[in-house]
Amino acid sequence: MSERDLELKSLAEQEIEKHKETVATDPYRLNYHHMPPVGLMNDPNGLIQWRGVYHLFYQWMPFDTTHGAKFWGHYTSENLVNWKHEKIALAPSDTFDRDGVYSGSAISHEGRLYLFYTGNLDGKNGPEQENQCLAVSEDGVTFEKKGVLIETPEGYTAHFRDPKVWKQGDIWYMVVGAQSEDHQGKAVMFSSHDLHNWEHLGTIAGSKEGRNGELGFMWECPDIFELGGKDILMVCPQGLESDGMNYANTYQSGYFAGEMNEHNLQFNHSEFRELDRGFEFYAPQTTVDEKGRRILFGWMGVPEQYEQEHPTIEKHWVHCMTIPRELTWNGEKITQTPVEELSAMRGPVLLHSSVTIENDQKAIRGIQGRSIELNIEIDQLNEMFAIELFQYASLSYKDRILTLSRPHLEERSKTEFRRVGLGEGLRNIRLFIDRSSLEVFVNDGEEVFTSRIFPQPEEEHILFTSLGSTTFSIEKWDLNGYQ
Ligand code: FRU
């Protein structure tokens, strides 16, 4: 490790110490989600179960609550419930990554843990460049950088990043998020036999029509995997115009499903579909674990969307991850459900097996709290049903549309909305609430709303409203924290 590397890591450690107490006193700190110890967290990186242990790395700016020269922070867990914050994995300490060790992925090879990431050079001291780099570890906590593997090929701008690597038969593949010279978002493929020499194959999918393309001007954080017999390309396109209930956030996160031949770049796929309907969800990454499950973590944030409006900034930290979710293909779309391990966080259950509310608004005995899981099964609903959380957010269902609303983060006097149509009605809602976060899984995970919420810290009340009559059962658990 170079002197510069040691110096940067030590400065970051000092920054943690410096703000430790301020950060810890923030009532918006979460109880069971990954957060930065200080500074800004964004994308999940290098997600893998390696030698039995889950590794979750993350994009981290220790010195500020803005974006910049990112580090890779690192969490590990044996059970997806109890997590350990490890020492810093990667620092932007080399000539090829000095403006950021940007996002990437992990694989296991010959007993070692390989991290592929983007070395970012921002153009302020020399040309702007994004190259794909490698770091290798014997023990899973100390990483040795191996330098640049792939330079940006002809035809692309300096936005060329976020390598995701996987193996198919004997061949390693890498997909990279890119912007072509005519400003179209693309997913670019490479292949390799030895993980060191990479062949540029071409584009597997992307915007095609005109400058800035019909599917966005830049694609970030691609991920390719098989799910229930379908080939999935998950990606974050930037530059989609909002369209009815769709594409409401500044940048999007979603997927194409179809049949793919990685090698000859054939991909017959469905339309782009969003993964999440909430206010904050971006840059998800998946891995297959030893149980064969496809596990996803996402960033509970969106680039350039109210990032400076989060009240946690005055406490020197911002953003967090989602809970881990298992993906399945239900024949039509990807569904997301919280991994079953999370039930280990539960206290005793409180169950009300048949609640009817008719043209009324009510609290339900014991259904409250800020670190809780709620499971609501709808038996009958004929007009409108709403759940009001902490005098802040509201989830309401009417005319087959589910709406999440919260105060506008910039213009506090306004309310903002995110919506989704539920053609077949509302069957169930599962909520994971954690002090300043809300994850809503609808109809067994067919739709998900992921959002930050900033109610008064001590506010714990939940109210249920029905126009006409609604009958449902509700279960509630208090959830213990990770630590
Ligand atoms: C997505 C992203 C990636 C990039 C990283 C930098 O949020 O912009 O494309 O690698 O964040 O932190």
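# A tour from strand E5 to the nonpolar core

Start by selecting E5 and strand E6 (residues 112–122), two antiparallel strands joined by eight bridges. Strands are DSSP runs of at least two residues (E), helices DSSP runs of at least four (H or I), and both are numbered from the N terminus. Two strands count as paired if DSSP finds at least two bridges between them. The model is a predicted one, in which local features need pLDDT of at least 70 and side-chain atom pairs count only at pLDDT 80 or more, while totals for chains, interfaces and linings use all residues. Residue numbers run from 1 along each chain as its sequence is written.

**Stop 1: the E5–E6 hairpin**

Colour Tyr102 and Thr118: Tyr102 stands opposite Thr118 in E6. Then go to the turn, where two residues lie between the strands and Glu110 has a positive phi near 45°. Seven of the nine residues of E5 are buried. Buried here means that 20 or more other C-beta atoms lie within 10 Å of the residue's own; with 12 or fewer a residue is exposed, in between it is partly exposed, and the C-beta atoms are placed from the backbone.

**Stop 2: the ligand shell**

Keep Tyr102 selected and add Gln59, Ser103, Glu220 and Ala283; these five come nearest to the ligand among the 15 residues around it. A residue is near a molecule or strand if its C-beta atom, placed from the backbone, lies within 6 Å of it. Two or more shell residues come from each of strand E1 (39–50), strand E5 (101–109), strand E9 (156–168), strand E13 (218–227) and E18. By type, the shell residues divide into five nonpolar, five polar and five charged. In this count Ala, Val, Leu, Ile, Met, Phe, Trp, Tyr, Cys and Pro are nonpolar, Asp, Glu, Lys and Arg are charged, and the others, Gly among them, are polar.

**Stop 3: E1 and its partners**

Select E1 next. All twelve of its twelve residues are buried, so E1 is largely enclosed by the rest of the structure. E1 pairs with E2 in the antiparallel sense over seven bridges, and Leu40 stands opposite Met61 in E2. The hairpin of E1 and E2 has two residues between the strands, and Arg51 takes a positive phi near 50° there. E1 also pairs with strand E20 (residues 317–318), this time in the parallel sense over two bridges. To find that contact, pick Gly39, which stands opposite Trp317 in E20.

**Stop 4: a four-strand sheet**

Move to E18 (residues 282–288), where six of the seven residues are buried. E18 belongs to an open sheet of four strands, in the order E18-E19-E21-E22 with antiparallel pairing. E18 and strand E22 (334–338) are at the edges with a single partner strand each, so one side of each has no neighbour in the sheet. Neighbouring strands of the sheet are turned by 35° against each other on average, direction ignored. The angles are taken between N-to-C directions and run from 0 to 180 degrees, with axes as lines fitted to C-alpha atoms (for helices over the stretch in contact).

At one end, five bridges join E18 to strand E19 (residues 294–299), and Thr287 has Ile295 as its bridge partner. Five residues separate E18 and E19 in their hairpin, and Gly292 in the turn has a positive phi of about 85°. At the other end, strand E21 (residues 325–329) and E22 are joined by five bridges; Trp329 stands opposite Ile334.

**Stop 5: two loop residues**

What is the sign of phi at Tyr247? The value is positive, near 55°, in a residue other than glycine. Tyr247 lies in the loop between strand E14 (230–238) and strand E15 (254–261) and is partly exposed, with 18 other C-beta atoms within 10 Å. Asn443 also has a positive phi, near 50°. Look for Asn443 in the loop between strand E30 (437–442) and strand E31 (447–452).

**Stop 6: the nonpolar core**

Finish with Leu90, Leu233 and Val440, which touch the most other members of the largest nonpolar core, a set of 118 residues. Strand E2 (residues 53–61) gives the most to this core, with six residues. At least three core residues come from each of domain 1 (3–338) and domain 2 (347–478), with bounds from an automatic or database domain assignment. A nonpolar core is a set of buried Ala, Val, Leu, Ile, Met, Phe, Trp, Tyr and Cys residues joined through C-beta atoms within 7 Å.
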